[in-house]
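Here are a few exercises to work through with the model open in your viewer. Try each task before reading its solution.

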Amino acid sequence: MRNFLLIISLLLLVGFAQAEELLSPNGAQKLEFEVANGQALYRLYYQNKTVIADSKLGFDLKTAEDLLDGFVIDKVERASVDETWSPVWGEKSQIRNHYNEMAITLNQPTTDRKMIVRFRLFDDGLGFRYEFPEQPNLVYFVISEEKTQFAMPGDLTAWWIPGDYDTQEYAFHKSKLSEIRGLMQEAITPNASQKAAGPTSVQTALMLKSDDGLYINLHEAALVNYACMHLDLDDENMIFSSHLTPDAMGDKGYMQAPRSTPWRTVIVSDKAGDILLSNITLNLNDPCKIEDTTWIKPMKYIGVWWEMITGKSSWAYADVPSVQLGVTDFSKLQPNGKHAANTAHVKYHIDFAAKHGFDGVLVEGWNEGWEDWFGKSKDYVFDFVTPYPDFDVDEIRDYAASKGVQMIMHHETSGSVRNYERHMDEAYQFMADNGYHAVKSGYVGDIIPRGETHYSQYIVNHYQYAIEKAADYKIMVNAHEAVRPTGICRTYPNLIGNESARGTEYEAFGGNAPDHTTILPFTRLIGGPMDYTPGIFEPDVSKYNPDNNSWVNTTIARQLALYVTMYSPLQMAADLPETYNKYLDAFQFIKDVPLDWDDSKVLEAEPGDYVTYARKEKGTDNWFVGRTNDEEARTSNIRLDFLPEGQKYLATVYADKPDANYRNNPQAYQINQYVVTNKSKFELQCAPGGGYAISLIKADDPSMLKGVKKH
């Protein structure tokens, strides 16, 4: 009996020895790792609540034995880091990178191969990745599937969009995990390019909430030379598994050691606002690789864009079914009379931008090829340097320069990345020669090379190539229809914007749901800023195009709030100048709101319901507040205790009127001014689909407050 107890005790000691534990710096998060029956497992806890239950790690390999089991722990290395770094632009001017690290080297004795799993545990969550060190038995290999699991602690509530290899432009669904399969068919709505990933596949960043009040976010960081990750749900056991986007051959990744994968991230808190304030995604990316960043500047812009999106105007110069670059003589074509990118119209926009202090003007449809650009699988679709006959490059360049306005280039590729790469150096040099320092790129439609999709390893590498090549020419990139961001903007801050979700353009394609902008900060924006293109003051699209009956589901006050709640260093005032001229008092907030911040705070937040941010302008003591609201009328209660004690501020409040409603009275807003301090409070009524915006300007000059009532 004594020998039996000794054997049991030894077995327990061996099991304990295999279990490795890692705590976050504040002790709130706990990671456990073990090898059980040769399989690598991890678990995550927050304040003793299960966040991730037993979850397996590893890979199915196409060209070698799998890296799934047969593991033993070779060594465990630990480290701690506490540092602060300054982004070129951002929601904060100083970011703390504070974590405890545990690197587990796993050995597979039967193949004599090693794989490292590196965990970094922050106070607000976990990041981990796989690393393949240099070794003789694992050099070149092909991934059939990454088998990372995220076992959920129950049937959580999720805010999700369908897994798709080509688009993130879906409306969000809120449901229990167990309901995803039944809702998938209705969730997959038509798009210009799409390829569904599976019946329970969803995209990241995925927002989740447990019944006991834990907020959990799953995503990835530093997606470089690797396929974009989706998550497949085992809805019997509530376990998510990684699902990499395949290439044209059906393979998931071509690897050469030594190298590592992107980080897999789990952000968790019992406060929704902590998810929004997490810097895990940025901290897991490499530091900036651009030595001189003085040319990278946030930009506020208008554009020749919304009129085409609504159908009022056209990108194309002529209405002909087919054109060939270098063959078609566009000067001999009959103009359609709706081409917006003409010299006179662009100069009108330059004048408006200059008058109101905007940095730039975007012009789409300026270059030859738009007549048959979409849906033809056309390789040589644009050359990115040849203008239409009615667009005078030299005149526009010189006129914009004389007004102190920068022109923003547009490179639509129609998905033909092969063609874009052939022309990229010439296109970027054309920009440099003509004073264009920023480009909006687009990838509408199916990808060429044919068979590839928007999120495969091959195409992810193309997006990265475009960013790095642009940096060589000191060009900032705003990529639309590209893979969703994963914090790459820390390493390459010339990636100043992305779309990668349903943006404002969908308001002209039938409308986004009123709660859309209360979900995006918890999902899409976890990876980086979004060029959402807010500022629509005319909700009735038929006033621009009688054939388009779309309705923009928002109030004007909420449109103003989006400049604060939808963070981006690149912000567009998307509506038409003639519309802004009707509402110049409200337009003033768009003119005033900064693009770069010293600090950001979340005053109120609940995914799908509301988000209220307060942000401090970089280099000043001024603050700006924004609140976006869902379809329900709600009361917002905020304190201004973030203001410095004893300092008076002039508060200008842009709010919904009592009878405002996104459906039938969206342009009803009110503007009031108050004297406030850090002891002030606001109780503001938010209309359905509404919100508010507040500017808080430090009152150094007492005359600023003359005649203004105290609050």
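## Exercises on a predicted model

H8 is followed by Gly-435, a residue with a positive phi, near 80°. The model is a predicted one, so keep that in mind as you go.

**Exercise 1. Find out how far H8 reaches, where it bends and what covers its buried residues.**

Step 1: Start with the ends. H8 has 17 residues, and its first and last C-alpha atoms are 23 Å apart, close to the 24 Å expected at 1.5 Å a residue.

Step 2: Look for the bend. H8 turns by about 55° at His-423.

Step 3: Pick out the buried side. His-423 is itself among the buried residues of H8, along with Val-417, Asn-419, Tyr-420, Met-424, Ala-427, Tyr-428, Phe-430 and Met-431. An α-helix has 3.6 residues a turn, so residues three or four places apart point the same way.

Step 4: See what sits over them. The cover includes helix H7 (393–402), strand E24 (406–412), E25 and H9.

**Exercise 2. Describe the largest cavity: its volume, its lining and the elements that supply it.**

Step 1: Search the whole structure, and seven cavities of 30 Å³ or more turn up. The largest holds about 200 Å³ of space.

Step 2: Go to the centre. There are 21 lining residues, and the closest to the centre are Tyr-463, Ile-467, Val-483, Leu-495 and Asn-498.

Step 3: Trace the lining back to its elements. At least two residues each come from helix H8 (417–433), strand E25 (436–442), helix H9 (457–472), strand E26 (476–480) and strand E27 (495–498). H9 gives the most, with five residues.

Step 4: Sort by chemistry. The lining of this largest cavity has 16 nonpolar residues, four polar and one charged.

**Exercise 3. Locate the cis peptide bonds at Ala-205 and Pro-449, and find the cavity that Ala-205 helps to line.**

Step 1: Take Thr-204 and Ala-205. They are joined by a cis peptide bond with omega about 5°, and Ala-205 is in the loop between strand E14 (201–203) and strand E15 (206–209).

Step 2: Look beside that bond. Thr-204 and Ala-205 are among the residues nearest the centre of the second largest cavity, as are Ile-161, Phe-172 and Arg-524. About 110 Å³ of space lies in that cavity, and its lining divides into seven nonpolar, six polar and two charged residues.

Step 3: Move on to Pro-449. The bond from Ile-448 to Pro-449 is cis too, with omega near 20°; Pro-449 is in the loop between E25 and H9.

**Exercise 4. Asp-112 and Phe-384 have positive phi. Is Asp-112 buried or exposed, or partly exposed? And Phe-384, buried or exposed?**

Step 1: Place them. Asp-112, with phi about 55°, is in the loop between strand E7 (95–108) and strand E8 (113–122). Phe-384, with phi near 70°, is in the loop between strand E23 (360–363) and H7.

Step 2: Check accessibility. Asp-112 has a relative accessible area of 43%, so it counts as partly exposed. Phe-384 is at 0%, so it is buried.

**Exercise 5. Work out which residues Tyr-669 touches.**

Step 1: Find Tyr-669 in strand E34 (residues 669–676). Its relative accessibility is 14%, under the 20% cut-off, so Tyr-669 is buried.

Step 2: List its contacts, leaving aside neighbours within four places in sequence. They are Ile-556, Tyr-583, Asp-585, Ala-586, Ala-655, Asp-656 and Lys-657.

Step 3: Go back to Lys-657. Its C-alpha atom is 4.8 Å from that of Tyr-669, with their positions 12 residues apart along the chain.

Technical notes:
Residues numbered from 1 in each chain as written. Predicted model: local features only at pLDDT ≥ 70, side-chain atom pairs only at ≥ 80, totals over all residues. Heavy atoms only, no water. 1 Å grid on protein atoms, 1.4 Å probe; cavity = no way out; pocket = protein on both sides within 12 Å on 5 of 7 lines; lining within 4 Å. Points joined across faces, edges and corners; volume = space filled by probe spheres on them. Helix = DSSP H or I, 4+ residues; strand = E, 2+ residues; numbered from the N terminus. Nonpolar A, V, L, I, M, F, W, Y, C, P; charged D, E, K, R; others polar. Expected span 1.5 Å × (residues − 1). Bend = angle between axes of the 7 residues up to and from the residue. Buried < 20%, exposed > 50% of the residue type's maximum accessible area, 1.4 Å probe, protein only. Contact = heavy atoms within 4.5 Å.
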